[in-house]
Amino acid sequence: MRRTLALIGVALALAVSTPALAQAPEQTKLTIGVGGKSLFYYLPLTIAERKGYFKDEGLEVEIPDFPGGAKALQALIGGSADLVSGAYEHTIGVTAPGSSTNMFVNILLAKVGLKPDVASYIGVGAGAGAVAIMKRGEIDAIANLDPVIATLEANGDAVAVVDTRTTKGMLDVYGPSYAAGCIYAQTDFIKKNPRTMQAVVNAMVRALRFIQTSTPEQIVATVPPDYYSDKAIYTAALKANSETFKHDGAISMEAAQAVYRDLKSFDPGLQNASSIDLSKTFDMQFQQKAAQKFK
């Protein structure tokens, strides 16, 4: 599944800046939670870590990898994570937030008039375990991301029936503009630590620029070898997903509204709630300042 990765968050927008900060971050030790770190969805996070971009910004970052995006969200709410690299839809209140792939299935069901409870869902993770479970026939279908899907396809163990890695699939399911992968944090934390947030922003967008200006082979050489079981398949999948990273880290109101529209299509909590002020779920001030400096 592919969606345009808008690197944003609650009161946080990723922005380009120089590695050195004018002032030191308020908090230098951070925990950034993630659910499925080896997925392409979170590639900028891995690059920022592996290339030392966080360290260049004066940050010491720990990145615990949770079983899914919902668990990473729970860690943020519970206080064991300062930030999350996750899905934008988690910044909008829902009755029972699940992983972005779970929400993807719910959106597909809603489009044909079905409710989420018509199917049973099993968390299979985002790595070799997910591939193994599908190969053994323990599940009927899988909603996941690359390199998991690419590996299953290459080995003849799965066929994509809805594929948002393609432009057509993206438009069919989500429309022309959609907010997806982001960095998000609790608003109070961001207000108290603006320089820290800017440092995170700098590292993440610097990683995004590296992805945009490097060959797939150079990117593969940067990620940990345990991210893939077959280097050729991983490299080919990365090439197929290259358009995912061709953006500047900004998000539009249109993209946020598209996410809200889809969540309302299946979530009764949002269906029965009053309208949400989406402008409070993202803030482009960091991105805008950086865009003026780096064009």
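**Aromatic cluster**

I began with the rings in this predicted model, and I noted that F40, Y228 and Y234 form one aromatic cluster. My search of the whole structure had returned five aromatic pairs. For F40 and Y234 I recorded an edge-to-face pair, with 5.0 Å from centre to centre and 75° between the planes. This pair joins distant parts of the chain, since F40 sits in the loop between β3 and α1 (43–50) while Y234 belongs to helix α11 (residues 231–240), 194 residues apart. When I looked up accessibility, F40 and Y234 both came out as buried.

I then turned to the other pair in which Y234 takes part: the ring centres of Y228 and Y234 lie 5.0 Å apart with the planes at 45°, so I entered the pair as tilted. The classes turn on the plane angle, where under 30 degrees counts as stacked, over 60 as edge-to-face and the rest as tilted. Y228 is buried, as is Y234.

**The sheet**

Next I traced the strands, and I found an open sheet of four strands in the order β4-β3-β5-β6, with mixed pairing. Its edge strands are β4 (60–62) and β6 (181–185), each of which pairs on one side only. From one strand to the next, I have the twist down as 30° on average.

Which sense does each pairing take? For strand β3 (residues 29–34) and strand β5 (residues 83–87) I noted the parallel sense, over three bridges. As a position to check in the viewer, I marked I32, whose bridge partner in β5 is L83. Between β5 and β6, in contrast, the pairing is antiparallel and runs over five bridges. There I marked V84, which stands opposite Y184 in β6.

**Strand β6**

Is β6 enclosed or exposed, I asked? Five of the five residues of β6 are buried, so I wrote the strand down as largely enclosed by the rest of the structure. I also checked the two faces separately, and both are covered: G181, I183 and A185 are buried on one side, and C182 and Y184 are buried on the other.

**L59, ahead of β4**

I looked up L59 as well, and its place is in the loop between α2 (53–56) and β4. At 4% relative accessibility, L59 counts as buried, given that the cut-off is under 20%. I also took its C-alpha distance to L30, which is 7.2 Å in space, although L59 and L30 are 29 residues apart in sequence.

**The largest pocket**

My last search concerned open space, and the largest pocket holds about 1,200 Å³. I listed 48 residues lining this pocket, among which T101, V105, I142, A143 and N144 are the closest to its centre. Sorting the lining by element, I found that α3 (69–78), β5, α4 (100–111) and α6 (148–154) each give two or more residues. Which element gives the most? I entered α4, with seven residues. By class, the lining of the largest pocket comprises 28 nonpolar, 15 polar and five charged residues.

One element recurs across these entries, and I noted it for the next session: β5 pairs with β3 in the parallel sense, β5 pairs with β6 in the antiparallel sense, and β5 is among the elements that give two or more residues to the lining of the largest pocket.

How values were computed. Residues are numbered from 1 along each chain as its sequence is written. This is a predicted model: local features need pLDDT of at least 70, side-chain atom pairs count only at pLDDT 80 or more; totals for chains, interfaces and linings use all residues. Side-chain values use heavy atoms; hydrogens and water are left out. Two strands pair if DSSP finds at least two bridges between them. Axes are lines fitted to C-alpha atoms, for helices over the stretch in contact, and angles run from 0 to 180 degrees between N-to-C directions. On a 1 Å grid over the protein atoms alone, a cavity is a set of points where a 1.4 Å probe fits but cannot get out, and a pocket is an open set with protein on both sides within 12 Å along at least five of seven lines; lining residues have an atom within 4 Å of a point. Grid points are joined across faces, edges and corners, and a volume is the space filled by probe spheres set on the points. Ala, Val, Leu, Ile, Met, Phe, Trp, Tyr, Cys and Pro count as nonpolar, Asp, Glu, Lys and Arg as charged, and the others, Gly among them, as polar. Rings of Phe, Tyr and Trp (its six-membered ring) pair if their centres lie within 6.5 Å; planes under 30 degrees apart count as stacked, over 60 as edge-to-face and the rest as tilted. Buried means under 20% relative accessible area, exposed over 50%, partly exposed in between (1.4 Å probe, protein chains only).
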